[in-house]
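Thanks, everyone, for making the time this morning. I would like to walk you through one model, beginning with a single side-chain contact and working outwards from there, so please have a look at the screen.

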Amino acid sequence: MRSALMKRVRRANTAPEQEVAEILRALGIRMRRNVKGLPGTPDFANKSRKIVIFVHGCFWHGHRGCRYATFPKRNAEFWADKIAANRARDSRKAAALRREGFRVVAVWSCAPRRVAPAVRRLA
């Protein structure tokens, strides 16, 4: 059951990613999506301006204090280790990008739900 559920999780073009793309377009900010040539494969990047944006899923990246970042009750130790490893990897990749001179922005998947309507009204 859990395996089937996890197989359905998409890596790119998720709903939060699409919402962030819509917000960037509304603001007139142009960025490439899912840039494989950079550490961590950022969801959005502008190499000339040295800006990258990661859209982190609240569950997978352990968004502290978020109601969407819950642990499964089964195999809790595995999931705690998995999420901790994801957070450590995120930190390493962000540090590598900063060493290359990039500004790194992390957007949590719960944020566009609150931000998108306001930006749409402004645009």
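The side chains of His56 and His61 are joined by a polar contact of 3.5 Å, and I should say straight away that this is a predicted model. His56 belongs to strand S3, and it counts as buried, because its relative accessibility is 9%, where the cut-off for buried is under 20%. If we set aside the neighbours within four places in sequence, the residues in contact with His56 are His61, Asp90, Ala106, Val107, Trp108 and Ser109.

Let me move from that residue to the sheet. Which order do the strands take? The sheet is open, its four strands are arranged S1-S2-S3-S4, and the pairing is mixed. Strand S1, residues 32–33, and strand S4, residues 103–108, are the edge strands, each of them pairing on one side only. As a general reminder, strands of a sheet pair through backbone hydrogen bonds, in either a parallel or an antiparallel sense. Here, S1 pairs with strand S2, residues 44–46, in the antiparallel sense, over two bridges, and within that region Arg33 stands opposite Phe44 of S2.

Lying across strand S3, which spans 51–56, and across S4 is helix H3, made up of residues 76–99, and this helix runs at about 150 degrees to S4. One residue of helix H3 that I would like to point out is Ser91, which is classed as partly exposed because its relative accessible area is 48%. Ser91 and Gly40 are separated by 51 residues in sequence, while their C-alpha atoms are 9.9 Å apart in space.

Now to the packing. Which residues make up the largest nonpolar core? There are 10 of them, namely Val20, Ala21, Leu24, Met31, Phe44, Ile51, Ile53, Val55, Val107 and Ala111. Helix H2, residues 15–26, and S3 each supply at least two residues of this core. A second core, separate from that one, has nine residues, among them Val35, Ala45, Ala94 and Val104. Coming back to Ala21, and again leaving aside neighbours within four places in sequence, we find this residue in contact with Arg33 and Phe44, the two residues that I described as standing opposite each other.

On the aromatic side, a search of the whole structure finds four aromatic pairs. In one of these, Phe78 and Trp79 meet edge-to-face, with 5.0 Å from centre to centre and 80 degrees between the planes. Is each partner buried or partly exposed? Phe78 is partly exposed, because its relative accessible area is 41%, whereas Trp79 is buried, because its value is 8%. Ring pairs also link these two residues with Phe59 and Trp60, so that Phe59, Trp60, Phe78 and Trp79 form a cluster.

Let me end with the chain as a whole. The protein chain has four helices and four strands, and, read from the N terminus, its elements follow the order α-α-β-β-β-α-β-α. Of the 123 residues in the protein chain, 37% are buried. Finally, if we take the contacts in the protein chain with a separation of 6 or more, residues 24 or more positions apart account for 54% of them.

Terms used:
Residues are numbered from 1 along each chain as its sequence is written. This is a predicted model: local features need pLDDT of at least 70, side-chain atom pairs count only at pLDDT 80 or more; totals for chains, interfaces and linings use all residues. Side-chain values use heavy atoms; hydrogens and water are left out. Two strands pair if DSSP finds at least two bridges between them. Contact means heavy atoms within 4.5 Å. Axes are lines fitted to C-alpha atoms, for helices over the stretch in contact, and angles run from 0 to 180 degrees between N-to-C directions. Buried means under 20% relative accessible area, exposed over 50%, partly exposed in between (1.4 Å probe, protein chains only). A polar contact is a pair of N or O atoms within 3.5 Å; within protein, one must be able to donate a hydrogen and the other to accept it, and residues adjacent in sequence count only if both atoms are side-chain atoms. A nonpolar core is a set of buried Ala, Val, Leu, Ile, Met, Phe, Trp, Tyr and Cys residues joined through side-chain atoms within 4.5 Å. Rings of Phe, Tyr and Trp (its six-membered ring) pair if their centres lie within 6.5 Å; planes under 30 degrees apart count as stacked, over 60 as edge-to-face and the rest as tilted.
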